[in-house]
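Colleague: Please take a close look at one part of this chain, the small open sheet, and explain how its strands are arranged.

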Amino acid sequence: MTQAEIKLCSLLLQEHFGEIVEKIGVHLIRTGSQPLRVIAHDTGTSLDQVKKALCVLIQHNLVIYQVHKRGVVEYEAQCSRVLRMLRYPRYIYTAKTLYSDTGELIVEELLLNGKMTMSAVVKKVADRLTETMEDGKTMDYAEVSNTFVRLADTHFVQRCPWVPATENSDPGPPPPAPILVISEKDMYLVPKLSLIGKGKRRRSSDEDAAGEPKAKRPKYSTDNKEPIPDDGIYWQANLDRFHQHFRDQAIVSAVANRMDQTSSEVVRTMLRMSEITTPSTDPFTQPLSSNEIFRSLPVGYNISKQVLDQYLTLLADDPLEFVGKSGDSGGGMYVINLHKALGSLATATLESVVQERFGSRCARIFRLVLQKKHLEQKQVEDFAMIPAKEAKDMLYKMLSGNFISLQEIPKTPDHAPSRTFYLYTVNILSAARMLLHRCYKSIANLIERRQFETKENKRLLEKSQRVEAIIASMQATGAEEVQLQEIEEMITAPERQQLETLKRNVNKLDASEIQVDETIFLLESYIESTMKRQ
């Protein structure tokens with residue numbers, strides 16, 4: 001765990017959950033697994049606050065616990081899971097793209113709350129959608145429920161592990177912590193709920209006809225209410241499935257840029273057919289026959305079987321080897337080499353960074369060393385057709401930036417420089433790790449800058465929010481245009497310009513965060529895939 005990752009985790013926890021949760025989370029990240037009382041003692045936090053913070057972290061899958069043989073429960077932070085909070089906007093946008101506004105709100109609610117029952121999600125989403133509809137229109141629970149089922153069928157949401165039911169015949173004391181279990185076949189099994197009803201709008205006032213505030217109403221007994229049909233069955237967003245979708249989209253985009261749209265559509269069809277059958281950790285998809293691919297192509301794509309075979313042959317012969325041929329039955333069996341595709345995408349990212357940072361001539365040398373594997377300095381100068389002094393300077397720049405490495409091969413045991421070969425090479429795994437570390441630092445800097453910009457303009461933002469609230473309430477009561485204009489003039493022209501500048505800067509920082517996170521995702525996927533193959 002590097003300092004850059006710890007700092008980024010600290011910023012994310014503080015932004016999402018506040019200072020106390022951030023303190024407990026970062027302490028666990030730094031120290032590893034610890035029992036409750038040790039955490040409270042080391043952080044100087046009260047036991048009650050530590051319990052609440054751990055509840056929040058466990059609810060959002062950021063901390064796990066395990067019971068040791070001596071009966072002590074220890075808590076351990078999941079740093080990789082904390083870093084995935086960067087990707088929340090991307091998960092939500094993906095759900096919106098695939099399953100419209102309903103899917104977007106379902107995933108958003110699950111990410112905001114960590115774990116929820118299906119009935120609670122459906123009711124909450126139906127209410128939120130009803131709020132945005134015109135008067136007189138409401139969202140039916142059944143429609144939201146259908147979208148939830150589709151998300152579960154495609155594995156974008158999954159059940160949380162639960163405590164198995166035990167017989168009461170065991171007289172022994174209960175375990176210090178519950179043991180949660182779930183079987184593979186139950187992870188995406190949706191309970192049969194007959195949710196009947198429609199979304200409700202919130203009242204404009206929280207007071208009832210008698211003028212009694214809602215918060216002070218007596219809480220009536222809930223004994224008469226029917227039990228919740230899916231009580232105890234909690235759901236969460238399946239982030240690994242979203243990552244699989246991001247990886248597939250990156251591969252399809254790479255094929256489209258290298259070849260054409262039809263080739264990318266063929267690859268997209270193959271990936272879609274393998275979505276559920278191929279685990280995200282496998283280096284290859286399941287073999288697919290040419291006939292199966294032809295039958296699964298989108299309806300509007302009018303290409304003949306002969307043309308499809310030509311495209312598949314072209315993809316299989318491509319030097320990047322995204323698609324490979326694994327047999328001749330069924331018109332030819334084809335697989336997608338996921339590991340090779342991730343390697344090509346990571347290499348392209350490194351090339352792009354070298355070009356942006358050191359210039360096109362350095363990028364030429366970098367690609368040359370990548371292609372030839374090992375080169376001496378004189379060979380680099382000759383192959384790249386760059387003068388010796390410039391080539392030496394560029395090589396040393398990339399060497400100091402850890403983009404390329406130097407390998408010594410001595411001819412004699414004494415390692416004398418005059419009798420040693422010095423070969424330049426590119427260790428893609430090492431360079432990817434270095435770039436990933438820099439990406440973490442970049443995102444931490446972007447978040448700190450955004451927080452600074454917001455803090456500096458805090459007074460102006462609060463004033464703007466107050467004015468907007470006054471205008472909204474006046475519009476609701478039917479105020480005249482002149483009165484509304486007077487309220488709007490409370491914010492002067494220089495202040496309005498300052499607000500526009502702030503909005504533009506924050507939007508730019510947000511967009512930069514998302515772009516850097518895309519690079520992080522590609523590098524993390526490549527490193528994870530490489531480590532599993534070793």
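Modeller: The setting comes before the sheet itself. This is a predicted model, where local features need pLDDT of at least 70 and side-chain atom pairs count only at pLDDT 80 or more, while totals for chains, interfaces and linings use all residues. Residues are numbered from 1 along each chain as its sequence is written, and side-chain values use heavy atoms, with hydrogens and water left out.

The chain contains 20 helices and eleven strands; these are DSSP runs numbered from the N terminus, with at least four residues for a helix (H or I) and at least two for a strand (E). Along the principal axes, its C-alpha atoms fill a box of roughly 95 × 65 × 65 Å. Of the 534 residues in the chain, 41% are buried (under 20% relative accessible area, 1.4 Å probe, protein chains only).

Now the sheet. Three strands form an open sheet in the order β4-β6-β5, and the pairing is antiparallel. Because β4 (116–117) and β5 (157–159) each have a single partner strand, they stand at the edges, and one side of each is left without a neighbour in the sheet. Two strands count as paired if DSSP finds at least two bridges between them. Strand β6 covers residues 234–237, and three bridges join β6 to β5, the two running antiparallel. One pair of bridge partners is Gln158 with Gln236, the latter in β6. As a general point, strands of a sheet pair through backbone hydrogen bonds, either parallel or antiparallel.

Technical notes:
Buried < 20%, exposed > 50% of the residue type's maximum accessible area, 1.4 Å probe, protein only.
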